[in-house]
Amino acid sequence: MNFSGKYQLQSQENFEAFMKAVGLSDDLIEKGKDIKGVSEIVQNGKHFKLTITTGSKVIQNEFTLGEECELETMTGEKVKTVVQMEGDNKLVTTFKGIKCTSELNGDTITNIMILGDIVFKRVSKRI
């Protein structure tokens, strides 16, 4: 399954609790909680290029499945990790104690980030 496309955030759960847990300031949490961010994914085989635009903030990451990469997190921190594919529609990685999955079903991507007992869920639709 190919992930390529643009996706706009439709809904999210536990945004504020998760962002507070990863160290984002209350001011940034308040500014970001209602923004319907857009993610653009370009997949070429095992290589992915991801651009996430949330208001004026843009995060760009590139990775190849199964190879160590450096990703920028939502706090601006750079982390080293390896992204794996489970089945043909789910990307999985772990960094700084956070387990991340992105699952594509049709035109919907569901991102789940788990830190301790906080489950942050985002649902985006292809636009």
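Ala, Val, Leu, Ile, Met, Phe, Trp, Tyr, Cys and Pro count here as nonpolar, Asp, Glu, Lys and Arg as charged, and the others, Gly among them, as polar. By that scheme, the lining of the largest pocket divides into 26 nonpolar, 15 polar and 4 charged residues.

The model is predicted: local features need pLDDT of at least 70, side-chain atom pairs count only at pLDDT 80 or more, and totals for chains, interfaces and linings use all residues. Numbering starts from 1 along each chain as its sequence is written, and side-chain values use heavy atoms, with hydrogens and water left out.

**Pocket**

The largest pocket has a volume of about 1,100 Å³. Its lining comprises 45 residues. Ile52, Ile59, Met74, Met113 and Arg122 lie nearest the centre. A pocket is an open set of points on a 1 Å grid over the protein atoms alone, where a 1.4 Å probe fits, with protein on both sides within 12 Å along at least five of seven lines; lining residues have an atom within 4 Å of a point. Grid points are joined across faces, edges and corners, and the volume is the space filled by probe spheres set on the points.

**Sheet**

Strands (E, at least two residues) and helices (H or I, at least four) are DSSP runs, numbered from the N terminus. Two strands pair if DSSP finds at least two bridges between them. An open sheet of 9 strands runs in the order β4-β3-β2-β1-β11-β10-β9-β8-β7, with antiparallel pairing. Its edge strands are β4 (57–64) and β7 (84–86), each pairing on one side only. Neighbouring strands are turned by 25° against each other on average, direction ignored. The axes behind that angle are lines fitted to C-alpha atoms.

Three of the antiparallel pairings are listed here.

| Strands | Bridges | Citation |
|---|---|---|
| β2 (38–44) and β3 (47–54) | 7 bridges | antiparallel |
| β9 (98–105) and β10 | 8 bridges | antiparallel |
| β10 and β11 | 8 bridges | antiparallel |

Individual partners can be named. Gln43 has Phe48 in β3 as its bridge partner. Ser102 has Asn111 in β10. Thr108 stands opposite Lys125 in β11.

**Turns**

β9 and β10 form a hairpin with 2 residues between them. Gly106 in that turn has a positive phi of about 65°. The hairpin of β10 and β11 also has 2 residues between the strands, and there Gly116 takes a positive phi near 60°. Gly116 lies in the loop between β10 (108–115) and β11 (118–126). Gly116 counts as exposed because its relative accessible area is 67%; exposed means over 50%, buried under 20%, and partly exposed in between (1.4 Å probe, protein chains only). Gly116 and Gly97 are 19 residues apart in sequence and 7.8 Å apart in space, C-alpha to C-alpha.

**Helices and aromatics**

Glu30 sits in helix α2 (residues 26–32). With a relative accessible area of 47%, Glu30 is partly exposed. Glu30 and Glu16 are 14 residues apart in sequence and 8.1 Å apart in space, C-alpha to C-alpha.

The structure holds 4 aromatic pairs. Rings of Phe, Tyr and Trp (its six-membered ring) pair if their centres lie within 6.5 Å; planes under 30 degrees apart count as stacked, over 60 as edge-to-face and the rest as tilted. Phe18 and Phe120 are stacked, at 5.1 Å centre to centre and 25° between the planes. This pair links distant parts of the chain: Phe18 in helix α1 (residues 15–21) and Phe120 in strand β11, 102 residues apart. Phe18 is buried, with a relative accessible area of 0%. Phe120 is buried too, at 2%. Elsewhere, Phe3, Phe48 and Phe63 form one aromatic cluster.

Note on methods:
Axes fitted to C-alpha atoms, helices over the stretch in contact; angles between N-to-C directions.
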